[in-house]
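Me: I am new to this structure. Please show it to me, then let us go through it in short steps.

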Amino acid sequence: MVIFRYVAQKTLLESEALNAVALATLSLRDFVIVAQLDLELDGGFTALTGETGAGKSILIDALQLLLGARGDALWVREGHQRCEIAATFDALPAAAQAWLRGEGFDDGSEEPLLLRRSIDAAGKSRAWIGGSPATIGQLRTLGTWLVDIHGQHAWQSLTRPATVRALLDGWGGIDAAPLAALWHEWQTAEKALAAAREAQESLQEERERLLWQIKELEALAPQEDEWEELSASHARLANAQALIDAAHSACEALEGGGHEGGALPGLNAALSALQKHTEIEPQFVALCEVLGGCIAQAQDALHSLRGWLRRSAPDPQQLAQLDERMGLWMQHARRWRRTPQDLPALLAGWRAELARLDDAVDVEALAAAAEQAHAAYLRAADRISQQRAAAAPKLAAAVTAAMQQLGMAGGRFAIALDALPAPAAHGLEGVTFQVAGHEGATPRALERVASGGELSRLALAIAVTTSRLGEAPTLLFDEIDSGVGGAVALAVGSLLRQLGADRQVLCVTHLAQVAASGHNHLRVSKKSAHGETTSTVAAITGRQRAEEIARMLAGSPTDASLAHAREMLAAAAAAQEAP
């Protein structure tokens, strides 16, 4: 079993003004051969060294997992249920803070941002951002703004079209954000136009259907309240004889006739009997007034009944017409699955829908809007293309100059701007980084460069050249010095130290020249006792650091290698202080 322990000795080696710490802490629990690790990190360039097999690259592996790399149960230390990785980050880029706010996480503006991930023995992962549950995809997205990891074959940035385009735009001071907005406006207008044109056929079919329905129902011409009036008239005609009989009976009851007296004669007799005695009995006066009113109302009713009877007679022809009209109403009601009373509103609704369809799609106006949006996008895209064409050779020349210091003498860096098959949100061209490893060679895309050492050194050249433009505040280099030595190793160390002046840089290295250039130095060492292998990660300074550099030079410290190590450390410090 290997147990990592961090020796708390966090000291900046030189009193240089370095950038703020980005990756502040890293903690591991039961990770591969690591039982426990709690590591604090400084700003500037930190060299990470140790004997082969001590586990230096485990830190890189852990960070990659924390930032969204694919997890596996093999990362869990044997015999344990899960491994855990955690890190805190200070000085988050503005883009990372904006993304965090947009996703509903704490943006890390008030305290360091904590990222955490666990993987259990079944391979299941869980992740947290700032204490809130997160997906692995969210870790991966956030990680692109926090840490950029470079190794011999682990390319995280320089083969990604979006990244290389952002580097070129940053170098050239090109603001492509408004172009993306114009592109989306154009695409929205084009989609609206395409949808309108595609809908023309279906809209026409719908219009024809409505016209047919309206024509069918207009033949009936249903009017508001007509159905109620038809129903009432039909009821009267259907019961005409019964109504006439009832009116005759009422007239006879009022007038009298036959063997029985009528209501009017009886009322008149009662009135006459009382009027004879009104002088004797004053109360009869009021009763006579009541009877007189009743007689008047009865006479009015009789008069109205006689008039109604003169106008009323059964009308079979009108009844047949009403039957026919009401039958048409019922036929349409069944056809359109409505009640008869709903037919006028149904016709009005169809007419309104037809008017809406006629006004809904103005294809000519949409086409004009799309053309206008396209023209605005093209004007902006042409400006961006011109700016990129001007910036590309300047950035290529700067990176080429850096390559000459890194064992790639005669090599050349190039930036290809190739027209895209179709306009995109970022412009009219794709941006590709290319390299020729030696003089006379034709530049090729980075992913086609065979040498891992060349890729690593080129990454360093690009990182140094564009260091003030990149978003990720922390850069990790895993054995980028593979296959180099001598003057090239010194150059690698010098460039990393230069890069560490404004970025946090961590580098796993086997070269003394590179390690001596660090602002900080972490040493991974291991020992075995009582059947257990224990490793420590310690910040080393002074004599301890000189001894580690001497070991890297000669295999074990000697007076000569120690003297050489001190000279290298002094030279690195002096080079930094030189104007």
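Me: Which element supplies the largest share of the lining of the second largest cavity?
Reply: This is a predicted model. Two elements, α1 (58-66) and β16 (504-508), each supply at least two residues of that lining. The largest share is 3 residues, and the element that gives it is β16.

Me: Which residues line the second largest cavity?
Reply: A search of the whole structure finds 2 cavities of 30 Å³ or more. The second largest has a volume of about 40 Å³. Its lining residues are L48, L59, I60, F477, L506, C507 and V508.

Me: How do the residues of that lining divide into nonpolar, polar and charged?
Reply: Leu, Ile, Phe, Cys and Val count as nonpolar. The lining holds L48, L59, I60, F477, L506, C507 and V508. So the division is no charged, no polar and 7 nonpolar.

Me: Which strands are the edges of the open sheet?
Reply: The sheet has 6 strands in the order β3-β2-β5-β6-β7-β8, with antiparallel pairing. The twist averages 15° from one strand to the next. Two strands pair on one side only: β3 (34-40) and β8 (132-134).

Me: Which residue in β6 stands opposite R82?
Reply: Strand β5 covers residues 82-89, and strand β6 covers residues 113-120. They run antiparallel, joined by 8 bridges. Opposite R82 stands D120.

Me: What angle does the direction of helix α3 make with that of β7?
Reply: Helix α3 (residues 136-146) packs on the sheet. The helix touches β5, β6, β7 (125-129) and β8. With the direction of β7, the direction of α3 makes about 50°.

Technical notes. Residues are numbered from 1 along each chain as its sequence is written. This is a predicted model: local features need pLDDT of at least 70, side-chain atom pairs count only at pLDDT 80 or more; totals for chains, interfaces and linings use all residues. Side-chain values use heavy atoms; hydrogens and water are left out. Two strands pair if DSSP finds at least two bridges between them. Helices (H or I, at least four residues) and strands (E, at least two) are DSSP runs, numbered from the N terminus. Axes are lines fitted to C-alpha atoms, for helices over the stretch in contact, and angles run from 0 to 180 degrees between N-to-C directions. Contact means heavy atoms within 4.5 Å. On a 1 Å grid over the protein atoms alone, a cavity is a set of points where a 1.4 Å probe fits but cannot get out, and a pocket is an open set with protein on both sides within 12 Å along at least five of seven lines; lining residues have an atom within 4 Å of a point. Grid points are joined across faces, edges and corners, and a volume is the space filled by probe spheres set on the points.
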